[in-house]
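Subject: Structure handover and notes

Dear colleague,

Here is the structure I promised to pass on, followed by my notes on it. Please keep it open beside you while you read.

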Amino acid sequence: MSTMKIKKGDTVKVITGKDNGKEGKVISVDRKRNKVLVEGVNIVTKHTKPSAANQNGGIIQKEAPIDVSNVMYVHKGKATRVGFRFENDKKVRFAKSTGDVID
């Protein structure tokens with residue numbers, strides 16, 4: 001399995017699908033299923049039964065996971081591809097469009 005190029009906390013842009021063009025912050029990453037949860041993207045409606053935690057139940061809206069191949073990292077306001085390289089014997093991510101080190 002290859003290394004995941006998107007991490008929790010990154011700002012990403014959706015490049016395909018119903019939410020094409022939307023940007024948001026990554027809430028969580030599921031490496032096993034290659035999915036990411038992005039704030040405000042891929043909103044689904046879920047019907048919930050009343051429970052101890054939610055007395056009324058009803059219809060709630062929440063984010064659903066989106067495939068990592070459908071998002072791109074945003075660097076300086078533009079979507080860019082991400083690569084890896086070694087600097088001072090440490091593996092770092094860099095933006096391919098500018099060559100700048102991300103983290």
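Strand β1 does not stand alone: β2 (residues 23–30) runs antiparallel to β1 and is joined to it by three bridges. Strands here are DSSP runs of type E with at least two residues, helices are runs of H or I with at least four, and both are numbered from the N terminus; two strands are said to pair if DSSP finds at least two bridges between them.

Before going further, please note that this is a predicted model, in which local features need pLDDT of at least 70 and side-chain atom pairs count only at pLDDT 80 or more, while totals for chains, interfaces and linings use all residues. Residues are numbered from 1 along each chain as its sequence is written, and side-chain values use heavy atoms, with hydrogens and water left out.

The sheet

Within the pairing of β1 and β2, Lys13 stands opposite Glu23 of β2. β1 also pairs with β7 (residues 71–75), again in the antiparallel sense and over three bridges, and there Val14 has Val71 as its bridge partner. Taken together, six strands make an open sheet with antiparallel pairing, in the order β6-β3-β2-β1-β7-β8. Its edges are β6 (66–67) and β8 (78–80), each of which pairs on one side only.

On the other side of β2 comes β3 (residues 35–38), and these two strands pair in the antiparallel sense over four bridges, with Val36 of β3 as the bridge partner of Val29. β3 in turn pairs antiparallel with β6 over two bridges, where Val36 stands opposite Ile66.

In a regular strand the side chains alternate between the two faces of the sheet. In β1 (residues 11–14), Val12 and Val14 lie on a covered face, and Thr11 and Lys13 on an uncovered one. β3 likewise has a covered face, made of Val36 and Val38, and an uncovered face, made of Lys35 and Leu37.

Loops and single residues

Which residue in the hairpin of β2 and β3 takes a positive phi? It is Asn34, with phi near 60 degrees, in a hairpin that has four residues between the strands. Asn34 is not a glycine, and it is partly exposed, with a relative accessible area of 35%; for this term, buried means under 20% relative accessible area, exposed over 50%, and partly exposed in between, with a 1.4 Å probe and protein chains only.

Asn88, also a residue other than glycine, has a positive phi near 55 degrees. Asn88 lies in the loop between β9 (82–87) and β10 (90–95), and its relative accessible area of 78% makes it exposed.

His75, in strand β7, counts as buried at 14% relative accessibility. If neighbours within four places in sequence are left aside, His75 is in contact (heavy atoms within 4.5 Å) with Thr80, Ala95, Thr98 and Asp100.

Gly9 belongs to the segment before β1 and is partly exposed, with a relative accessible area of 38%. Leaving aside neighbours within four places in sequence, Gly9 touches Lys25 and Val26. Gly9 and Ile102 are 93 residues apart in sequence, yet their C-alpha atoms are 12 Å apart in space.

The protein as a whole

There are 10 strands and zero helices in the protein. The radius of gyration of the protein is 17 Å, whereas a compact globule of 103 residues would have one near 13 Å; the radius is taken over C-alpha atoms, and the globule rule is 2.2 Å times the number of residues to the power 0.38. Along the principal axes, the C-alpha atoms fill a box of roughly 55 × 25 × 20 Å.

Of the 103 residues, 27% count as buried. Among contacts between residues at least 6 apart in sequence, 38% join residues at least 24 apart. The accessible surface comes to about 7,100 Å², and 48% of it belongs to carbon and sulfur atoms; areas come from the Shrake-Rupley method with a 1.4 Å probe, and for residues only the protein chains shown count as cover.

The protein carries 22 positive and 11 negative side chains, and the centres of the two sets lie 5 Å apart. In that count Lys and Arg are positive and Asp and Glu negative, while His and the chain ends are not counted, and each charge is placed at NZ of Lys, CZ of Arg, CG of Asp or CD of Glu.

With best wishes
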